[in-house]
Structure formats: C-alpha cells, structure tokens
Amino acid sequence: MASDWTATVNTDVPNPARIYDYLLDGKDNFPADRDVAEQLLAIAPVARDVVEDNRAFLRRVVRFLTREAGVRQFIDLGSGLPTRGNVHEIAQAEAPDARVVYVDNDAMVVTHSRALLAGDNTAAIHADLREPERVLGHPEVGELIDFDRPVALLLMAILHFIPDDEDPPGIVARFRDALPAGSYLSVSHGTRDIPERWDLSPEAMAEMGTKVEQLYQLTTASLVTRPRAQVERFFDGFDLVEPGVVEIQRWRPDDQASILPGGFYGGVGRRR
Amino acid sequence: MTEGRAVGGGPTVQRMLVGAQLRRLRTDQGLTRDQAAQAIRASEWKIHRLENGQVGFKDRDVIDLLRLYQVTDPTEVAEFLALAREANTPGWWHHYGDVLPAWFRTYVDLEQAASLIRSYEGQYVPGLLQTDAYLRAVVQGAHLAESAEEVGRRVRLRLARQTLLTVEGAPRLWAVVDEAALRRPVGGRLVLRGQLERLVEATKLSNVTLQVLPFAAGAHPAMVGAFSILRFADRELPDVVYLEHLTSAIYLDRRHDVERYLDAMEQLCVQAEPPARTVELLNQMLDEL
C-alpha cells in the first residue's frame, strides 16, 4: 500500500510494457523503448497488427466472460500500461458491478494503473505473477475478490515473458488451485507456429522467431515463443470453450476481427 | 524543432497555442466548426486541423476567422497575425514576455485542449484545486503592492479556470504535491484547513488523482521546481511542458526536453504515496492542524 521510496523507473532500459504502448500508438514510451519497437517492426512488420489483435481478443474475451459466462470478478495479471479499452471498462459496460484487479510487477505500470484505472470496483496492485500466493493473498485482492464465486484470470501476452525454467504451467496451476469450479482462465501467447495464410517457409518463420527472442534479450524481460501444445498445457484442469486454443484472430471473431491470423495463440477455459 | 516530427510539419507549441486561441474565440461566439469553415470557404476538417495546430496559418484565413469571431481591434488583429506567422516557423521553444494575463490566458487555452494534465507542485497546492481563500492568499503573497481590486481580478480569473475539471469532456488532472506545500500555512491555519478539506473532496472526482510526495521520500528529480506536462488526445500532438516563472512562462515541446520531464514525472509518481494512501495522509494532516 505504501509507496516504495527506493523504487525507480529506468527509462534507459527498454521495457516490454512501454514497447507495447508504442506499438499501440501510446505516448508513455521513451527512446530506448521506441528503438527496440522499431527493430521489432523491422523483423516482424505484423507486430503492430498482432498487438492490436491482442487488444481485440481481450475485448472479445471479457465480453464473452461477462455476457455469456456471467463472470463478475477479474484478475488481470501483467496488465501493462493503461490504454483504450481496459478490462474494467469493457466488463463494467456489460455489468456495472464487475470488479477488476490489475496486477503488474513494473512500478511505472502500477502508478499509471492506480492513477488512471482505479475506482470503486477496481484496484491496481504491485506484485509479481510468479508469486501466486502473494498476489492471491494481497489485501486489496481480498477486498475486491470473493474466492467462493467464479473468478476470471487473464494472462494476456504475459506468459511468453516467463522462461521454461520458471515453470509457467506450474505458476498457472497454483492460481488455478485457488479458484472455485466455474472460474475461467484466458491466455494469449506469442508463437512461431505458422498460420496457413502466412506465406512463410518454416525456416523464415523460425528465423523471425529467433530474432524477436534475441531482441527482447535487450529488454527487462526476455521473451519465449511457444507452440500450440505448450499453450494448451496452461489449461490443464480447465475445459476449453469453443474453439479451443487458436490464433487469437480466430477466437470468436466479431466484425472488427483482423483477417490475417497469426502471431499469438489464445483461448479460454472453464475450471472443472 | 519538434524532433521526429519535422516531416510533414507537425505541430509546435506555438501553433497549438494559436489554434487553441482560435478555438476559444469560436466557441465564445457559440459557433460550430462547420459555421467557421463556411466563413473561410474551407472544410470542417480544415478548421479542426487549424485549431489543433496541425497546419500552418494563412493570413487570409486568420483575418477572415477573426472577423467572424468579432475580433476587430486593429492592434489585436495585428498581434494575432504576428503570432500566427511566427507559429508557422518551426524550431521554437518559447518564452512569453512579462505580460501576465497574456501568457496565463494561453496556458488556460492549452489546458482546456488537454486530455491529461500531469503536474508537480512543491510550494503550493495546484491552482486547479485551490480554494478561494487559499488562492487569494497566494495572489496577495505574490503581489504585495497591488490594489484590492487587482487582487480580486486575478482571483476571479484563476477561479474561473477551475470549472475546467467539472465540465463535460473535462481533462484528467494527475498531480504530485510535495508535503511542504501541504504543511505551509498559506493564508493561516484556517485557510489551510479549508484547503486540505477541499483536496480530500477533490480526490473523490473520478478525473482527479492526487499523490503526496512525503518528506520521507528524500531527494527527488524535481527539486528544482514545479512543472506541468500537458497531453492531448490527438495522436499527432506532442506533449507540452509548462514552466511558470515570476515574469514569464516557458513551453517546451522538443521531444528531448519533454522526455526529461516525463522521466522525472514517472520517477516522482513512483516515489510519491499512492492515491489511496494520500487521502489517509490528508486526513491525518487535518487532525494534526
């Protein structure tokens, strides 16, 4: 709750949240972030479309969860810098009583979230998703979230920042075990699997993936792309809702969905 | 230079200022953009771009618009034209002379066009959140020799500015205020009490975020003084830094300069107490007063 007087914001080191902000045309980024973002766009020109598609996926998922699944509690892990169409705005437009906790381990992200997103039914906390018990035991989470009722856990474009040696499926499982049956999990995740419609050789796609991963070594969080089977593993203990883990653009598309699938997998599962 | 925006002649602060003044003159007359467009035989889109400072100003257009807005005093028209011509020249960071009402007015125009106002105040409570009595004490403190009438005029001018936060489409104010500003009994203990109560009320507005920077935070990046950063909704418009001095105000829009201030602001916000804790501290200060 108290501020951390020793916490710092280092704008000289490229930061994934601010790179993402730049790709979404935000203004909360610095030269180091833009430099990496421009290199990313040079390697993968579709990156800008993919992050837009990821925001669109998030919007469709939150609408599905509030409208069709009746979920009223959300925990957005690795929420990133506030932008247009934040989770509570989407959810509360459907259900004004929806409650949302934003969680991020980046000090700048958390101050922005507290200043710009927090309200009666929303909170932003400074915690690391690699420590599920600390997130779940946080007093502000306890104030807003009732763990006897279904909770939706959102892990959007964040698990690809957790390397294998930190056991990301294990982390997700620890969150899962704290959630009652009927809760939901949604994940989106970078991949180097080639969608049908991308005219790329496996070698070219592999090279692109490797270059993107190398580029993120320069940032505060390295990135690891994963194939579909590994993304599906995050849903252990969940029943995937239709259409399962697919390219995010193909997950229950609406009129505004992009026509060029690829880049990220995404899905929604219901806790057994 | 607005670095990285030179291609296509992106807006400079001065263009935005001139554009913002044109917008104010138009709305003061109760005219729509479409009505203004007809007067200069242009599209509504062009008026939009002129008012955002996204295109250069032609003398002819400015003269026609000023006539439509009933600005007819030849000196006033000439001054406005000079400002508009100067604004067409890129490469600018400026320093409005020592005529207080003029530069204050321009700041108010820019402030109204902003979608987000971030500010750090070290000495007093942010102007947009000051009470009448506190504001009067600030103005009196700054202009000891002035007549009561002049003080009253300045107080009214600044109070009028506060409606900004409650109108439809109001910008968001995100202010970091140093503990020193909240402890200094400007106007005396009672006035300060009223002011602190007002701040607690202000934090209930959905578009106001307040963070106290406590003494305990120690050294911080804004020890040189107060500053504000204005952000505009339009993607093309750069952030603008505003620095107020005794006899002038400075606007910075060069990306390199602005980013130094943004960096400092980010650091301040991380060091300062979160909004919820700030309300607790304000109530604690009230108890101690």
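**Exercise 1.** Over which residues near the start of the numbering of chain B does pLDDT stay under 50, and how many contacts beyond four places in sequence does the model have for them?

*Solution.* The model is predicted: local features need pLDDT of at least 70 and side-chain atom pairs count only at pLDDT 80 or more, while totals for chains, interfaces and linings use all residues. Residues are numbered from 1 along each chain as its sequence is written, chains are lettered from A and ligands numbered from 1 in the order in which they are written, and side-chain values use heavy atoms, with hydrogens and water left out.

Step 1. pLDDT is the predictor's confidence in each residue, from 0 to 100. It stays under 50 over residues 1-10 of chain B.
Step 2. A contact means heavy atoms within 4.5 Å. For residues 1-10 of chain B the model has 19 contacts beyond four places in sequence.
Step 3. Residues 90-101 of chain B also stay under 50, and for them the model has 36 such contacts.
Step 4. Chain B as a whole averages a pLDDT of 84, with 88% of the residues scoring at least 70. For the complex, the predictor gives an ipTM of 0.92 and a pTM of 0.86.

**Exercise 2.** Describe the contact between the two domains of chain B.

*Solution.* Step 1. The domain assignment, automatic or from a database, gives domain 1 (11-87) and domain 2 (98-288) of chain B. To their contact, domain 1 of chain B brings 13 residues and domain 2 of chain B brings 14 residues.
Step 2. The C-alpha centres of the two domains lie 29 Å apart.
Step 3. The buried area (accessible area, 1.4 Å probe, that two parts lose on being put together, summed over both) is about 1,100 Å², and carbon and sulfur atoms give 65% of this.
Step 4. The rule for salt bridges (a side-chain nitrogen of Lys or Arg within 4 Å of a carboxyl oxygen of Asp or Glu) finds 0 across this interface.
Step 5. On the domain 1 side, α1 (13-28) and α3 (44-51) of chain B each supply at least two residues. Helix α1(B) gives the most, with 7 residues.

**Exercise 3.** Is A:G244 buried or exposed, and what does A:G244 touch?

*Solution.* Step 1. A:G244 is in the loop between β6 (238-240) and β7 (246-247) of chain A; strands are DSSP runs (E, at least two residues) and helices are runs of H or I, at least four residues, numbered from the N terminus.
Step 2. Buried means under 20% relative accessible area, exposed over 50%, partly exposed in between (1.4 Å probe, protein chains only). A:G244 has a relative accessible area of 10%, so A:G244 is buried.
Step 3. Not counting residues up to four places away in sequence, A:G244 touches A:W251, A:G266 and A:G267.
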